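Open the model in your viewer and keep the selection tool ready. The tour below moves from stop to stop.

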Number of protein chains: 2
Amino acid sequence: MIDLDRERLVELMTEQAEIGTTADGGLDRQALTDADRDARDWFRDRLEEAGLEVRIDAIGNVFGRREGTDPDAAPILVGSHLDSQPNGGIYDGALGVVAALELVFALNDAGIETVHPIEVVDWTNEEGTRFQPGLQGSGVWVGEYDLETQYETTDAEGRRLEDELERIGYLGETPAEPQEPYEAYLELHVEQGPRLDRSSADVGVVTGVVGITWGELTFQGEANHSGTTPMHYRNDALVAAADVATAVRRIAASLGSDTVGTVGSVDVAPNSINVVPGEVTMTWGFRDPDDGVIERAREEVVAEANRAADREGVALEYEETMRTSSVDFADRCVETVDAVAEDLGYERLRLESGAGHDAMHLASVTDAGMVFAVSEDGVSHSPEEYTSWDDCYAAAETLANAAVRLAEPVTD
Amino acid sequence: MIDLDRERLVELMTEQAEIGTTADGGLDRQALTDADRDARDWFRDRLEEAGLEVRIDAIGNVFGRREGTDPDAAPILVGSHLDSQPNGGIYDGALGVVAALELVFALNDAGIETVHPIEVVDWTNEEGTRFQPGLQGSGVWVGEYDLETQYETTDAEGRRLEDELERIGYLGETPAEPQEPYEAYLELHVEQGPRLDRSSADVGVVTGVVGITWGELTFQGEANHSGTTPMHYRNDALVAAADVATAVRRIAASLGSDTVGTVGSVDVAPNSINVVPGEVTMTWGFRDPDDGVIERAREEVVAEANRAADREGVALEYEETMRTSSVDFADRCVETVDAVAEDLGYERLRLESGAGHDAMHLASVTDAGMVFAVSEDGVSHSPEEYTSWDDCYAAAETLANAAVRLAEPVTD
């Protein structure tokens, strides 16, 4: 087993947390801003300090390569993302990048060689707040997104992604695609949910990423004076919407203990205390590890919305705005993470990720796996996000040892 | 019975509809604007044309007086309001003012004297959109609102009511209060609801105005990632709010066929498809002719909100933001309106007003009654508001003859 330098891990975390810091101690380091450039520069300096060969690809992903002993062996890729939400926390994906850096520093310190090369990566625009979609760098790299299309995406001020990559000096020359087959991909990220924190586990062994259906429902009724319109003459869009909000909770409960269902957004028009709501637009969202369950959830929410619209005499329009399939991580990666954590003496919890991660994309081109660090109270995308140094260390140590095991250390 | 001049009624309606007209054929004639001033000037000219003595009081109410034969007899007051919503229709209260004008023109044409004086009135700021509260002129006149306090009310640009009254030339010298006891008050207004239009009735005989409870509920839960937060760890403010929206409909249905209950406004934070709602603010509104029912509705919605908050583990704050008592119009006025309409051969529907009107205030100082004109489809406060000339005439003829009957015509 390889020992990480806990002090250096904390120091690296602290250094990156000082780039793009907000007044309340969080981060505003959205993709391709000056703060993101500074974080990338810091990352590149650390890669070079560790003696790694750095390359930047055409979508701005930054790689550092530590060669293996076998020139024909496929690399193990380890990393995450340094960009943040506009009001994010200091852990999120940054902990995963720092843990990958610490892995190579620790290998250097111990003089350990591996059969397979180890590459460390910072993916471009995981968050998707300034430019959409999120997971942009990894999506292009695995061929899920088209590079030229992504170049044309713009931020709220109309600035093109390609121009911003060039402006900050990260429009790289390496093609944004794998240059060779990869052996495996491992990613450490904070959980962003409460399951680890509310269990006795030290680290999370991620088995996959749930599938998603997102959609939008619009009920069109008739806006009328709330005092002069008798109940039986009403076509109240909000009454129908409330039925669906209640049904989403019921549908999630009926489909399984892993299913989550949420109405996150409701917009009422004209939204006046004195007017019967004429139009309501609301969202649905369901996630589950089983794609069949996702499909049933979509069918049931639409059926429920139709029934509610019929009861209330309002028109319904709906659209499924996003559907993603669930992803199962490679058994080999899951088992390696689990076994390593056990060997390190950590209590593990196996769980699906409810949020999307770059590892989802990577799973389409190589064996992928993930380690989750504890998120206190499950808080994320907030300056309040917190993972204790103990929990950071446990997750980083698990990640590092899993990567080394897959990279096959050369025993001397 | 007195015959109105249908052509003149239409002409008067058309003339006033040309003051403050919007591009879509509606009216923007908010209180104390230039358009309101022009409408007042037009009204004053018509009063003088009819030979009435005009007086303007300290809150801008405009009165015209047609003397009776008995110097000791108390006057019959007839009128409504010429101000409109920012995007209102041409009927609303204007039809009531025009009908009162046509009444005095018709009395003049027929050479009819009455024992009691007849006064025609245009009340200041019924709508309450530019300055709050609405029903402002009648409220001051009956002593419900304090004049000096109302002078200090300001519009969105900070302009004081008193200054605007002075600017448009309607800060009158007559004290804003009854100068003598009044015999009765009659008001014609469009229904602003669908009940007459969906019945076979030609005119509405208004028996009173419903009481109101308005309130605001705020559920405070916890905003969390919608993908990573299992259902049993959620405190979803919207789930509680949806329960209450459904309950408002049920509470209204359980309390009586005259009860209306509405959730008009819902605001969700952060209102993102991907976040469990952390806070929801919503309104309640109930109206009923029975003040006891209003109190029960308030109790029940608060009890339901508490149960919903407990179930979901969210905090609840609530406030009743308005309560008005119901008003019963004087039997004498109701019966006179009904009898006159019957004598004129009109089908009548007796109904409570679900909206507030100046007659509510007048009922505290004299016998008050109202006539409703049909509102097509119940549409009001909209350029789409429509009352056919037949329906305008039926309501105006009913108003005029009820006023004359109360004023006791002198038969020669």
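A crossing counts as left-handed if the near helix is turned anticlockwise from the far one by less than a right angle, and as right-handed if clockwise. Keep that rule in mind for two of the stops. One caution before starting: this is a predicted model.

**Stop 1: the α7 pair**

Select residues 237–255 in chain A and in chain B; this is helix α7 of each chain. The two axes come within 9 Å and cross at roughly 135°. Angles over 145 degrees count as roughly antiparallel. α7(A) and α7(B) are therefore oblique to each other. Now apply the opening rule: their crossing is left-handed.

Show side chains next. On the α7(A) side, pick A:Leu238, A:Val239, A:Ala242, A:Asp243, A:Ala245, A:Thr246 and A:Arg249. They meet B:Leu238, B:Val239, B:Ala242, B:Asp243, B:Ala245, B:Thr246 and B:Arg249 in α7(B). Colour this contact by class: 8 residues are nonpolar, 2 polar and 4 charged.

**Stop 2: the axis between the chains**

Zoom out to both chains. What turn lays chain B on chain A? A turn of 180°, with a shift of 0.2 Å along the axis, does it with an RMSD of 0.2 Å. The two copies are thus related as by a two-fold rotation axis. To find that axis, centre on B:Ala242: in chain B, its C-alpha is the nearest to the axis, 2.3 Å from it. Both copies use the same surface, since 100% of the contact residues of chain B recur in chain A.

**Stop 3: two domains in chain A**

Hide chain B. Colour residues 6–209 and 326–407 of chain A as domain 1, then 211–324 as domain 2, following the domain assignment. The centres of the two domains, taken over C-alpha atoms, lie 37 Å apart. Where they touch, 4 residues of domain 1 are in contact with 7 residues of domain 2. The domain 1 side of this contact has 3 polar residues, 1 charged and no nonpolar.

**Stop 4: α9 against α11**

Stay in chain A. Select helix α9 (residues 331–343) and helix α11 (residues 389–407). They pack at an angle of about 120°, with axes 9 Å apart. α9(A) and α11(A) are therefore oblique to each other. Here the crossing is right-handed.

Show A:Thr336, A:Val337, A:Val340 and A:Ala341 in α9(A). Facing them in α11(A) are A:Thr398, A:Asn401, A:Ala402, A:Arg405 and A:Leu406. By class, this contact has 5 nonpolar, 3 polar and 1 charged residues.

Terms used: Residues numbered from 1 in each chain as written. Chains lettered and ligands numbered in written order. Predicted model: local features only at pLDDT ≥ 70, side-chain atom pairs only at ≥ 80, totals over all residues. Axes fitted to C-alpha atoms, helices over the stretch in contact; angles between N-to-C directions. Helix = DSSP H or I, 4+ residues; strand = E, 2+ residues; numbered from the N terminus. Parallel < 35°, antiparallel > 145°, perpendicular 65-115°, else oblique. Contact = placed C-beta atoms within 7 Å. Nonpolar A, V, L, I, M, F, W, Y, C, P; charged D, E, K, R; others polar. Domains from an automatic or database assignment. Least-squares fit on C-alpha atoms with pLDDT ≥ 70 in both.
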